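Student: I would like to walk through this structure with you, one question at a time. Could we begin with the surface and then move to the sheets and the salt bridges?

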Amino acid sequence: MNIDIGNRLRHVRLMHNLSQRELAKRAGVTNSTISLIESNASNPSVGALKRILDGIPIGLAEFFSFEPEKPRQAFYAAEELVEIGKGPISYRQIGDNLFGRSLQILKECYQPGADTGKVPLVHEGEEGGIVLSGRLEVTVDGERRILGPGDAYYFESRRPHRFRCVGPVPCEVISACTPPTF
């Protein structure tokens, strides 16, 4: 029996309108623990999973027994994109339920100076994007480039990476990653 614990946890967390950070705080674990589990880069013990689920709250039996419907919607109006970002970085996701899906598509908007953080992101999978407007500094494995409209990036997500808006105007990007990591 092969159960996708990461996508299942992400689905349950989003059903309860919790950010990774909020769930981590409630469960008494680090934010990176939740991120690693949701990206299937870490497989939690039963005890660790129970502690995390207690932060939602949902029991182990309910967690493993529910079968969410797979999304059937094929088209999305702009106002149907789901905001999963916070603060100076907006991540608007196509579809609210990614359970069972292997691709996540985002419309990202970085306000001037917005940054994904000093600590580079690292997770399993691949990601890519195209800059629509503004200027985005992308750092991958220590290599840094400033991308403008029409420029693109694509890399294996296990390579340390970081994004930062440079310049006086917001930067908009259309991105995709597999597996879904937010």
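Tutor: Happy to! One term first: a patch is made of residues with over 30% relative accessible area and no salt bridge, and nonpolar side chains are joined within 5 Å. Please keep in mind that this is a predicted model.

Student: About how much accessible area do the residues of the nonpolar surface patch have together?
Tutor: The patch brings together Leu103, Ile105, Ile130, Leu132 and Ile174. These residues lie on the surface, and their joint accessible area is about 390 Å².

Student: Is Ile105 buried, partly exposed or exposed?
Tutor: Ile105 sits in strand S3, which covers residues 104-110. Buried would need under 20% relative accessible area, and exposed over 50%. Ile105 has 31% relative accessibility, so the right word is partly exposed.

Student: How many of the seven residues of S3 are buried?
Tutor: S3 is largely enclosed by the rest of the structure. The reason is in the count: of its seven residues, the number buried is five.

Student: What is the order of the strands in the open sheet of six?
Tutor: The pairing in this sheet is antiparallel. Its edge strands are S1 (82-83) and S7, each of which pairs on one side only. Reading across, the order is S1-S2-S3-S9-S4-S7.

Student: Which residue of S3 stands opposite Ile89?
Tutor: Strand S2 (residues 89-93) and S3 run antiparallel and are joined by five bridges. Along this pairing, the residue of S3 facing Ile89 is Tyr110.

Student: And which residue of S9 stands opposite Lys107?
Tutor: S3 is also joined to strand S9 (residues 171-178), by seven bridges and again in antiparallel fashion. Opposite Lys107 in S9 you will find a member of the nonpolar patch. That residue is Ile174.

Student: What is the bridge partner of Gly129 in S9?
Tutor: Gly129 belongs to the pairing of S4 with S9. These two strands run antiparallel, with seven bridges between them. In S9, the partner of Gly129 is Ser175.

Student: How far apart in space are Lys118 and Arg101, C-alpha to C-alpha?
Tutor: Lys118 lies in the loop between S3 and strand S4 (126-133). With a relative accessible area of 75%, Lys118 is exposed. Lys118 and Arg101 are 17 residues apart in sequence, and their C-alpha distance is 30 Å.

Student: Which strands stand at the edges of the open sheet of three?
Tutor: This sheet has antiparallel pairing and the order S6-S5-S8. Each edge strand has a single partner, so one side of each is left without a neighbour in the sheet. The edge strands are S6 (143-147) and S8 (161-166).

Student: By how many degrees are neighbouring strands of this sheet turned against each other on average?
Tutor: Here the direction of the strands is ignored. On that basis, the average turn between neighbours in the sheet is 20 degrees.

Student: Which residue of S6 stands opposite Thr139?
Tutor: Strand S5 (residues 135-140) pairs with S6 in the antiparallel sense, over five bridges. Across from Thr139, the residue in S6 is Arg144.

Student: Which residue meets Arg144 in a salt bridge?
Tutor: Arg144 is exposed, with a relative accessible area of 53%. Its partner counts as buried, at 8% relative accessibility. The two side chains meet at 3.9 Å, N to O, and the partner is Glu137.

Student: How many residues apart in sequence are the parts that Asp141 and Arg159 tie together?
Tutor: The side chains of Asp141 and Arg159 meet in a salt bridge at 3.0 Å, N to O. Asp141 lies in the loop between S5 and S6, and Arg159 in the loop between strand S7 (152-156) and S8. The pair therefore ties together parts whose separation in sequence is 18 residues.

Student: In which helix do Arg26 and Glu22 lie?
Tutor: Their side chains form a salt bridge of 3.2 Å, N to O. Arg26 is partly exposed at 45% relative accessibility, and Glu22 is partly exposed at 31%. They are four residues apart, about one turn of the helix, and both lie in H2 (residues 20-27).

Student: Last one: how many salt bridges does the structure hold?
Tutor: We have looked at several, including Arg26 with Glu22 and Asp141 with Arg159. For the structure, the number is 11.

How values were computed: Residues are numbered from 1 along each chain as its sequence is written. This is a predicted model: local features need pLDDT of at least 70, side-chain atom pairs count only at pLDDT 80 or more; totals for chains, interfaces and linings use all residues. Side-chain values use heavy atoms; hydrogens and water are left out. Patches are made of residues with over 30% relative accessible area and no salt bridge: like charges are joined within 9 Å, nonpolar side chains (Val, Leu, Ile, Met, Phe, Trp, Tyr) within 5 Å. Accessible areas come from the Shrake-Rupley method with a 1.4 Å probe; for residues, only the protein chains shown count as cover. A salt bridge is a side-chain nitrogen of Lys or Arg within 4 Å of a carboxyl oxygen of Asp or Glu. Buried means under 20% relative accessible area, exposed over 50%, partly exposed in between (1.4 Å probe, protein chains only). Two strands pair if DSSP finds at least two bridges between them. Axes are lines fitted to C-alpha atoms, for helices over the stretch in contact, and angles run from 0 to 180 degrees between N-to-C directions.
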